[in-house]
Amino acid sequence: MGSKCSCCACHLCLFEYQTPVMLVIRSKRLGFLFRLIELLIIAYVVVYVCWYQRAYQDQDSVISSVSTKVKGNILTNSSVEGVHVWDVSEYVIPPQGENSFFVLTNMIVTPGQTQSSCPEIPSEFTNCKSDSDCKEGFNEIRGNGVQTGRCVQYSDTIKTCEVMSWCPLENDTIIPKPALLSAAEDFTVLIKNNIQYPKFSFRKRNILHHINSTYLKNCTFNRKTDPHCPIFRLGDIVTEAGEDFSVIALKGGIIGIFIDWSCNLDFSEHFCIPKYSFSRLDNKNPENNVAPGNNFRYAKYYKNNESIETRTLIKGFGIRFDVMVFGKAGKFHIVPTIVNLGATLAFLSLVTAVCDWFMLTCMKDRDYAKHKFIHPDKKGDGVPLSSMESTSYGTP
């Protein structure tokens, strides 16, 4: 008897067809839940997917090239070099950088160095009491030359090992204050930036269409009055980065110039304009201030009156400005639009499943369940599932 009922049930399942039935339930709680979930999904699609992410658009990343030109002059009067006028060829080192430029702001100058022997700078590795403390030919990595093996007088109270090097040696323990080239804050830099979005055959540069040569000769970037001018005053850049130029000029630093080319190409290209921002990039944490700033050494070589090779060693401190260009462009495309429309419809179809689960498990009146699944008889009358089960599996 049991096997016969099982075969009958399998036969019925094999030849069944299921179709959705519209069941209208008048319940404030269930209706509120249904509309709330629908509203949340629609808000997510409209606000986040369409407005914020612009998921209906095809995307492309920016390709960029940058060139810079610094202008300005400084008059200095120091005990080492006397009166000196600095122009762009002296304080911009090197003349051309890759998306960056360096401006000299302070220096330690050691003039008249020649190849000779002289006392080493005092330290725990170079101090001595006699020649036995010095080793001829020894090259101390932290030192300034090769030892001669002699212990000589550095000062009235200190003796150090003699070295062969460029003498006199540099003493970089005292940094000039204020910075020798602190007037560099009034220098200006022209930043020329060309960008393209290859996928959309779109090209543009930061010297916009309305900018002519007359305007370019007289403008300086100002966020309120001249936000599109590509000429920047160095002091204004450092100020917008939250720094004091007179302080950062002492030991140098690194400032980032950010150019954002995020564009919506569904609108006119006139709305695709660069947005500038500035920030300090190197570490200035007072709790971890080891080796602060930005510096390097370079030398100027010449022959003295005795035809001996001589040089002036300069330890330069300065600010490196890194120009970083980023951005994405989007334009309407049918493929991502269809994909996201299908995802939205799939999300909306989940609303019914969630509400059905809530109705069948969380509501007090669970009699709705017997109306959820209906098996019509041959006459077309609806028979609830519970009644159908009793007739299908009852005693024949």
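In the predicted model, P178 is placed in the loop between strand 7 and strand 8, and the peptide bond that joins K177 to P178 is cis, with omega at about -5°. The loop between strand 7 and strand 8 (188–197) also holds P168, where the bond from C167 to P168 is likewise cis, with omega near 0°. Strand 7 (residues 159–167) is paired in the antiparallel sense with strand 6 (residues 146–153), over five bridges; the two strands are joined by a hairpin through five residues, and Q153 stands opposite K159 of strand 7.

An open sheet of three strands, with mixed pairing, shows the order 1-16-12. Strand 1 (57–61) and strand 12 (263–264) occupy the edges of this sheet, and because each has a single partner strand, one side of each is left without a neighbour in the sheet. The pairing of strand 1 with strand 16 (residues 328–332) is antiparallel and extends over five bridges, and within it D58 has K331 of strand 16 as its bridge partner.

Strand 16 also takes part in an aromatic contact. Of the 16 aromatic pairs that the structure holds, one is formed by Y56 and F332, whose rings are tilted, with 6.5 Å from centre to centre and 40° between the planes. Since Y56 belongs to the loop between helix 2 and strand 1, whereas F332 belongs to strand 16, the pair ties together parts that are 276 residues apart in sequence. The loop between helix 2 and strand 1 contains R54 as well, a residue other than glycine for which phi nevertheless has a positive value, near 50°.

Helix 2 (residues 28–52) packs against helix 7 (residues 334–361), their axes coming within 10 Å and crossing at roughly 160°. As angles over 145 degrees count as roughly antiparallel, this crossing makes helix 2 roughly antiparallel to helix 7, and the handedness of the crossing is right-handed. On the side of helix 2 the contact is made by R29, L30, L33, F34, I37, E38, I41, Y44, V45 and V49, and on the side of helix 7 by N340, T344, F347, L348, V351, T352, V354, C355, F358 and M359. Divided by character, the residues of this contact comprise 15 nonpolar, three polar and two charged.

Conventions
Residues are numbered from 1 along each chain as its sequence is written. This is a predicted model: local features need pLDDT of at least 70, side-chain atom pairs count only at pLDDT 80 or more; totals for chains, interfaces and linings use all residues. Side-chain values use heavy atoms; hydrogens and water are left out. Two strands pair if DSSP finds at least two bridges between them. Helices (H or I, at least four residues) and strands (E, at least two) are DSSP runs, numbered from the N terminus. Axes are lines fitted to C-alpha atoms, for helices over the stretch in contact, and angles run from 0 to 180 degrees between N-to-C directions. Angles under 35 degrees count as roughly parallel, over 145 as roughly antiparallel, 65 to 115 as roughly perpendicular and the rest as oblique. A crossing is left-handed if the near helix is turned anticlockwise from the far one by less than a right angle, and right-handed if clockwise. Contact means heavy atoms within 4.5 Å. Ala, Val, Leu, Ile, Met, Phe, Trp, Tyr, Cys and Pro count as nonpolar, Asp, Glu, Lys and Arg as charged, and the others, Gly among them, as polar. Rings of Phe, Tyr and Trp (its six-membered ring) pair if their centres lie within 6.5 Å; planes under 30 degrees apart count as stacked, over 60 as edge-to-face and the rest as tilted.
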